[in-house]
Structure formats: structure tokens, C-alpha cells
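User: Please choose one small part of this model and look at it closely, then follow the chain outward from there. I am in my first year, so a careful, connected explanation would help.

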Amino acid sequence: MQRIYDSKLQQLVDFVTLEEGKVGMYVCGPTVQSSPHIGHLRSALAYDLMRRWFTAQGKRVTFVRNVTDIDDKILDGAKALQEQGNDEKWWALAYRVEREFTAAYDALGILAPTYEPRATANIMQMQELIKTLIERGHAYQAADGSANVYFDTQSWPEYGALTRQSLEQMEPAADGDPLGKKTSTDFALWKAHKDDEPISASWDSPWGRGRPGWHIECSAMAKRYLGDTFDIHGGGLDLRFPHHENEMAQSNAAGDGFAKHWIHNGLVNTGGQKMSKSLGNSLFAQDLLQSAKPIVLRYFLIQAHYRSVLEYTANSLQEAASAFQRIESVLQRLEPFDETITSLNGEARVEDLPEEFTQAMLDDFGTPEALAVVHGTVTAINTALDAKNESLLVGRESGSAQLEVLMKQLVAMLDVLGLDPRAEHWRAGISSEDSKTEQAFETLVEALLTEREEARANKNFVRSDEIRDHLDGAGISIEDHASGTRWSVK
């Protein structure tokens, strides 16, 4: 039975889907006002893994991740650029940053969502939801006659249920005009257009020209693409309040069941501090992707359990690269002996996996334990190969069955985790120029290894050792086996 940690219930629960064989997931995507950082990558990857795991279980997943492309922060960002002499419009800024997010997601092998709605394309749905809330007595237009519309938090007794807070414990809502509210905790559903804002950032409505509040956007988009009730709503831990609290309140008050389960991923610390723009310690996706291979960055981001704090240090990516090299090396060792163990490209199923891996993933997506099974399998394969069982793979002689099982299990596990370097996605990421460079590099290394083999055959051990030292100095390690010499980059 799949177990997940429900953030609302604050406990592990059995995950039973609303409709057998199907999973509906809504994940809060980015507000596209500035470039993506490691926190965005970690969150998107956490739900990508859940989606891949549900798919491996044979479930059909409808995965929705929105784009907030109209918001105070976007308008403020465009205004700041204009003050610096850059006349980029707010919508152009939003689109440019959205493309940065998409590129970063693609680089990490994060699957494209089933639907990726933009807030600006769902204004009508938001207005309909606001109308429903007004009709049901849970929203009101500001008394000053402006176009501002607020959710009446006092009208909904369950407000605060997600984060287990009372109204008295809550900070005043930061959006809207405090003078137009009944209560300080009331939050904006519709914001009146301001004279200093571009007219293009507003829409006509029954209450006057304006734009949606942040929270109403996700409620409307989730309902449009997943229906009144769906299985999972996910997002970063920092979204629990006020964003997700407000989403749940307004959707439930409108008569919708909304999310059956809530899941929140942990945040990222850098140097022992929570990452934030105010501290100036943000780790931007572009810099990280230039510091390590994307597949290594993916490996690093899933080493910690999705609910835990992820600690990033100066050595994090180097350590991840060393760990992942063990996986790459065993795949290289296997290449000459069994070409039938090919990448599954997203087609792995639970029955292909070892029981320990399956149990780890069933227990709230336990990737640290799952990776431990991966490395245990790598060790078992290397042990068998080092014991000169390679001939068993070549000839399919008696005793090769267990090694073949281990190989297939390894490939299936890497497929579920999105970590098979031979998969189409990762191979497609290698440019033709990179491919030529890699081919030339391999040719030179193989030529040196051939020369070394000839030197050893002629008992010219001085030259043999010289070649080994040259390769070692270039960062290439070599291993001699009964079937030949293998090399890998350190």
C-alpha cells in the first residue's frame, strides 16, 4: 500500500485514489518574476519523482503545474527594469522568465506537465469562482466602492485548518487595502487597477477593472483541469501559509472538495542558513547547471528525502558526482557483455524492481533508501564481475541468471528515478559538437590503452607505467580485468 505524508493531517496515511488507476496532481508552479533557483528545482523534481513512481505502478497521472504570470512581484520587477532604462513590458518579463524555468526543468529531466495553464489564460474561470463566493456569502466587494473583492475569513469557520491556526494567531493579509477590509486577515480575490500600473495588466470584471489575487488563481486552474476534487495538491513548505491555506478555504467555501491530500516538500539551506533573496545566498539554476552535469545535479537533489531540509555546501556537487560515477562506471563495465539491457525510457514497472526499492518508494517516496538499494545493486554487480563471472554474461552459461536479474533491476531503478545516463533525454542533451569531442577523447584514450597493452605484452613495464601515470594525471582511472582494461573519468 502506498503511504504518503498528508500535511493537513500531519501524519502518514494510506493513499487511495479517488478513481481507481488514476491520479490527479496539482503542483504550484513558479511566479515568473525572476530566474529559477535551487529551491524551485528541488520542488519540481520532488513531484516529478512522485509522478514517475505512480506511472511505474501502472497509474495514469494527470499532472498540472501552473504558471503565475500576473502578480504584484512581476509588475514591480518590470517597473524596476524600466527605471533602469530597460523598457521590457511585464508580460515580456514573465514570458522570458517562464522560458528560463522550462529550460531548467528540461535540463534536469523533469517531465513536462500534462497541462501547464497560465493565470492570464484563466481570468474568466477566476471571476466565476469569485461570483460563487460572493453569492454564498464568503466574499464581498470593498465598502469604498473600489473594484477590490475580499474573501471574508470570518465567514468560514474552518479557515486555518490546513496550518492549524486560529484567526487570532494569524498575521494580517498583506494584499489589498486594509481600509477596505472587514477583518485584517481577509485576503484579496480581485484587485482594483491602479493608476500607476499598465492598463494591459488589468481586465474588466463585474466589480470594475482589475486583476486577480494570487490565491484565487490556483483554485480556479485546479478546478478547470482536474475537477472539483482531485487526489494531491503539492508545493514548497513555504506555500502552506498563506497561499495554500487560502486556496483551500476559498475552494471549500465555494462548494468544491478541492485536494484530498496535501504534500509539501522541504526547503534548501546554504551554509546552514535558509536560502533567501534577502540573505543574498540564492543558488541559481543556471549557475548550478554550469557547475555539474545536469544528471549529477538531479542525483544530488534526490539524495535527501523530499520532506527534509536539503543542505547545500561547496562540496555537495563534487560528492554527488563521485557517487554517481559509481553508477556510470558499472553501466560502462556491462556494455561489452550485454547489449540487451537497454534504457527503458520511462517504461519501467514495479514488477521490474527489487522488493527493497519498491518498499522504500511505497513509504512516502523514500529516495534515500531507494538510492541505497541502487548502490547495493551496483556493488553486487561489481563483485560478480570482479570475481571473473563476466564470462557468464557473454555465454549465457549456467549461473548467469542472477547477474542478469541484477542488471535489469538496476536499469529499472534508474529509470524510475530518472537517472539512467543512457536514456534518450540525457543522450539528446549532448550536442553534436560535444559528441564529436567525446568521440575524439575516447579514441585517444583507447589508443593509449592499446599501446599500454602492447608494452605489457613485450614486458616493457616502464612504458606501461608511464601511460598509466599519464592517464591518471589527466583524471582517467584504469582497471585491469581478465577480459581487458576498462577506463573511466574520475
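Analyst:

## A loop residue and what lies beyond

Asn345 sits in the loop that runs between helix α9 (316–334) and helix α10 (355–362). The model is a predicted one, and what follows should be read as a description of that model. What can be said about the backbone at this position? Asn345 is not a glycine, and yet its phi is positive, at about 50°. As background, most residues other than glycine have a negative phi, and most peptide bonds are trans. In terms of its surroundings, Asn345 is partly exposed, with a relative accessible area of 33%.

A second residue with a positive phi is found further along the chain. Asp364, which is likewise not a glycine, has a phi near 55°, and its place is in the loop between α10 and α11 (367–386). Is Asp364 buried or exposed? Asp364 is buried, because its relative accessible area is 1% and buried means under 20%.

Asp364 also leads us to a distant stretch of the sequence, since Asp364 is one of the residues touched by Tyr5. Tyr5 belongs to strand β1 (residues 3–6) and is partly exposed, with a relative accessible area of 21%. Once residues up to four places away in sequence are set aside, Tyr5 also touches Gln10, Gln11 and Leu12, as well as Trp262, Ile263, Tyr306 and Arg307. The C-alpha atoms of Tyr5 and His264 are separated by 8.7 Å, although these two residues are 259 residues apart along the chain.

Tyr306, among the contacts of Tyr5, is also listed among the contacts of Asn265. Asn265 lies in strand β10 (residues 258–265), and with 2% relative accessibility it counts as buried. Apart from Tyr306, and leaving aside neighbours within four places in sequence, Asn265 is in contact with Ser43, Ala46 and Tyr47, and with Gly235, Gly236 and Leu237.

Let us now return to α9, the helix before our starting loop, and look at how it packs. Two packed helices are described by the angle between their axes and the distance between the axes. Helix α8 (residues 294–303) and α9 pack at an angle of about 105°, and their axes are 9 Å apart, so the two helices are roughly perpendicular to each other. On the α8 side the contact is made by Ile295, Val296, Leu297, Tyr299, Phe300 and Gln303, while α9 contributes Ser316, Leu317, Ala320, Ala321, Ala323, Phe324 and Ile327. Sorted by class, the residues of this contact comprise eleven nonpolar, two polar and no charged.

Another pair of helices can be described in the same way. The axes of α2 (residues 72–83) and α3 (residues 90–107) come within 9 Å and cross at roughly 105°, which means that α2 is roughly perpendicular to α3. Here Ile74, Leu75, Gly77, Ala78 and Leu81 of α2 meet Trp90, Leu93, Ala94 and Arg96 of α3. The contact of α2 with α3 has seven nonpolar residues, one polar and one charged.

The backbone has one further feature worth a look, this time in a peptide bond. The bond from Phe241 to Pro242 is cis, with omega near 5°, and Pro242 lies in helix α6 (residues 240–253).

Two cysteines also deserve a careful reading. A disulfide is a covalent bond between the sulfur atoms of two cysteines. Why is no such bond assigned between Cys28 and Cys218? The cysteine sulfur closest to that of Cys28 is in Cys218, at 3.7 Å, which is too far for a bond, because the pair would have to be within 2.5 Å. By this rule the count comes to zero disulfides. Both residues are buried, with a relative accessibility of 10% for Cys28 and a relative accessible area of 1% for Cys218.

Finally, we can set these details within the whole chain. The protein chain has 16 helices and 15 strands, and 52% of its 490 residues count as buried. Among contacts with a separation of 6 or more, 74% are between residues 24 or more positions apart. The chain exposes about 22600 Å², and carbon and sulfur atoms supply 50% of that area.

Key
Residues numbered from 1 in each chain as written. Predicted model: local features only at pLDDT ≥ 70, side-chain atom pairs only at ≥ 80, totals over all residues. Heavy atoms only, no water. Helix = DSSP H or I, 4+ residues; strand = E, 2+ residues; numbered from the N terminus. Buried < 20%, exposed > 50% of the residue type's maximum accessible area, 1.4 Å probe, protein only. Contact = heavy atoms within 4.5 Å. Areas by Shrake-Rupley, 256 points an atom, 1.4 Å probe, with all protein chains shown as cover. Axes fitted to C-alpha atoms, helices over the stretch in contact; angles between N-to-C directions. Parallel < 35°, antiparallel > 145°, perpendicular 65-115°, else oblique. Nonpolar A, V, L, I, M, F, W, Y, C, P; charged D, E, K, R; others polar.
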